[in-house]
Amino acid sequence: MTHLPTHHIRQMSIADYEGVIGMMRSTPGVSFRDADSRDSTERYLLRNPGLSFVAVASDALVGCVMSGHDGRRGYLQHLMVLPSHRNQGIASSLVESCLGSLESLGILKSHIDVFQTNTLAQHYWEGRGWKLRTDIRRYSFVRSGGDSA
Ligand SMILES: CC(C)(COP(=O)(O)OP(=O)(O)OC[C@H]1O[C@@H](n2cnc3c(N)ncnc32)[C@H](O)[C@@H]1OP(=O)(O)O)[C@@H](O)C(=O)NCCC(=O)NCCS
């Protein structure tokens, strides 16, 4: 018996915004910020074309990841897969789509921020060879009017 793929990965476009935000709102471990407004997301996708992806099963979004780069390093964010579709390798396909596309642009090293409380994600990244940085503290500064997250 042949096994047909239950999902496929395609590039994310701004038309996916509502679906992605819906997933973010219902997924513990992922936070929704001002930076996730429709305008900000569209600007991000325009600045980083072809570097964000969604997973689709039965015409519905079941996962996503966004990535970009600053010319030197890649940055991944918003990796999530619906609970009903986890443990099938969807996240790994999404991440590989980002890393492969970043590599084609000459970006070989990428970072991701993970909440201290998100032990599921920490297990996921550490199981795939991502190194926890203990030598760096990330500092953020918010100009008046920006959000604090
Ligand atoms: C972290 C997260 C994205 C992983 O998604 P996922 O699609 O389940 O990930 P994968 O399927 O690629 O891998 C998960 C596990 O399934 C296993 N797996 C992969 N393919 C499999 C298959 N065909 N059959 C059985 N198991 C499989 C993997 O080995 C992995 O196991 P391990 O972590 O114990 O080594 C998902 O749990 C999630 O959305 N979490 C909430 C949001 C979040 O925290 N995001 C990260 C923010 S930094």
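This report describes the nonpolar cores, a buried serine and one helix of a predicted model.

The largest nonpolar core holds 20 residues, and within this core the members that touch the most others are Val65, Leu76, Leu79, Leu94, Val95 and Trp125. At least two residues of this core come from each of β2, β3, β4, α3 and α4, and the greatest contribution, six residues, is that of α3. Leu94, once its neighbours within four places in sequence are set aside, is in contact with Ile9, Phe53, Val54, Ala55, Gly63, Cys64, Val65, Leu79, Met80 and Val81. Apart from the largest core lies another, made of 15 residues, which include Val20, Met23, Leu61 and Met80.

The elements that each supply at least two residues of the largest core are listed here with their residue ranges.

| Element | Residues |
|---|---|
| β2 | 53-57 |
| β3 | 60-69 |
| β4 | 74-81 |
| α3 | 90-104 |
| α4 | 119-126 |

Strand β3 also contains Ser67, a residue that is buried, with a relative accessible area of 0%. Not counting residues up to four places away in sequence, Ser67 touches Tyr44, Asn48, Leu51, Ser52, Tyr75, Leu76, Cys98 and Leu102.

In helix α4, the residues Ala121, Tyr124 and Trp125 are buried; seen down the axis of α4, its buried residues fall within an arc of 90°, and therefore they line one face of the helix. Thr119 and His123, on the other side of α4, are exposed. The buried residues of α4 are covered by elements that include β4, α3 and β5 (110-112).

Conventions
Residues numbered from 1 in each chain as written. Predicted model: local features only at pLDDT ≥ 70, side-chain atom pairs only at ≥ 80, totals over all residues. Heavy atoms only, no water. Core = buried A, V, L, I, M, F, W, Y, C linked by side-chain atoms within 4.5 Å. Buried < 20%, exposed > 50% of the residue type's maximum accessible area, 1.4 Å probe, protein only. Helix = DSSP H or I, 4+ residues; strand = E, 2+ residues; numbered from the N terminus. Contact = heavy atoms within 4.5 Å. Arc of directions from axis to C-beta.
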